[in-house]
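Biologist: Please take me on a close look at the inside of this model, starting from how it is packed. I would also like to hear about any loop residues that catch your eye along the way.

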Amino acid sequence: MKKIVVLIGSCRDSGNTARLADAFIQGAKEAGNKVTRFNIAKMNIHGCLDCKYCHTHDGVCIQKDDMGQIHDALREADLAVIASPIYYAGLTGQMKSVIDRLFVAKGKAFDNIKEAKLLLTYASETGESIVPCIESTRLAVGYLGWELTDVIQAAGVYNAGEIDGREELDQARKLGVRA
């Protein structure tokens, strides 16, 4: 059994990104894994202050917001999953704030995690925004010592529910089973 943390960066509780993440979660639970799901857009999470307090306090952040819940879950996790719509060629601002805050204690706080998976949705049919988003995420998780092992991307989904019936949902469920 793996302990998996799924971070969802969409503001829509039942939007396309949440549905893609929930398909992954369904598969992961079917396989007997324990999954903790965070809808970060609904949480009180501030940007990193770059104060370096965490570097001298065993990875504990000076800010007392909801990010502490995510830090605690990731300290126990084996796998991290980042799910986000793409806004202007990148992850949502909420997700970017979370990723910035993962660098507590220079990223050493989460050495137990070796890999991350990325689930993306975006309205564009052409996918020109996908490459910079994937590569910046690959670099960010690489700084943490994690390898980005899988990416599922659903293009052409804008309105909530447009992902329904699409093969990406089945891909995400199967990825969860293999997690």
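Modeller: Happily. Helices (H or I, at least four residues) and strands (E, at least two) are DSSP runs, numbered from the N terminus. This is a predicted model, in which local features need pLDDT of at least 70 and side-chain atom pairs pLDDT 80 or more, while totals for chains, interfaces and linings use all residues. Residues are numbered from 1 along each chain as its sequence is written, and side-chain values use heavy atoms, without hydrogens or water.

Let's begin with the largest nonpolar core (buried Ala, Val, Leu, Ile, Met, Phe, Trp, Tyr and Cys joined through side-chain atoms within 4.5 Å), which has 38 residues. Buried here is under 20% relative accessible area, exposed is over 50% and partly exposed is in between, with a 1.4 Å probe and protein chains only. The residues with the most contacts inside this core are Ile40, Ile70 and Trp146. At least two core residues come from each of strand 1 (3-8), helix 2 (67-76), strand 3 (79-85), helix 3 (93-101), strand 4 (115-122), helix 4 (130-143) and strand 5 (147-155). The biggest share is that of helix 4, which gives five residues.

Zoom in on Ile40 and you can see which parts of the chain meet there. Apart from neighbours within four places in sequence, Ile40 is in contact (heavy atoms within 4.5 Å) with Leu7, Ile8 and Gly9, with Ile45 and Ile70, and with Gln94, Met95 and Val98. There is also a second, separate core of 22 residues, and Phe24, Leu79, Ala83 and Leu169 are among its members. In soluble globular proteins, nonpolar side chains tend to be buried together.

Phe24 also leads us to helix 1 (16-30), where Phe24 is one of the buried residues. The others are Asn16, Thr17, Ala18, Leu20, Ala21, Ala23, Ile25, Gly27 and Ala28. Their cover includes strands 1, 3, 4 and 5, along with strand 2 (34-39) and helix 5 (167-178). After helix 1 comes Gly32, with a positive phi near 90°.

Now for the loops. Between strand 2 and helix 2, the loop holds Gln63, a polar side chain worth a look. Gln63 counts as buried because its relative accessible area is 14%. Setting aside residues up to four places away in sequence, Gln63 touches His46, Gly47, Cys48, Leu49 and Arg101. Asp58 is placed in the loop between strand 2 and helix 2 as well. Asp58 has a relative accessible area of 75%, so it is exposed. Although Asp58 is not a glycine, its phi is positive, about 50°.

The loop between strand 3 and helix 3 is our last stop, and Ala89 is found there. Ala89 is another residue that is not a glycine yet has a positive phi, in this case about 70°. With a relative accessible area of 31%, Ala89 is partly exposed. Gly90 sits in the loop between strand 3 and helix 3 too, and is buried, since its relative accessible area is 15%. Beyond residues up to four places away in sequence, Gly90 touches Pro85 and Cys133. To see how the chain runs here, look back from Gly90 to Asp78: they are twelve residues apart along the chain, and 25 Å separates their C-alpha atoms.
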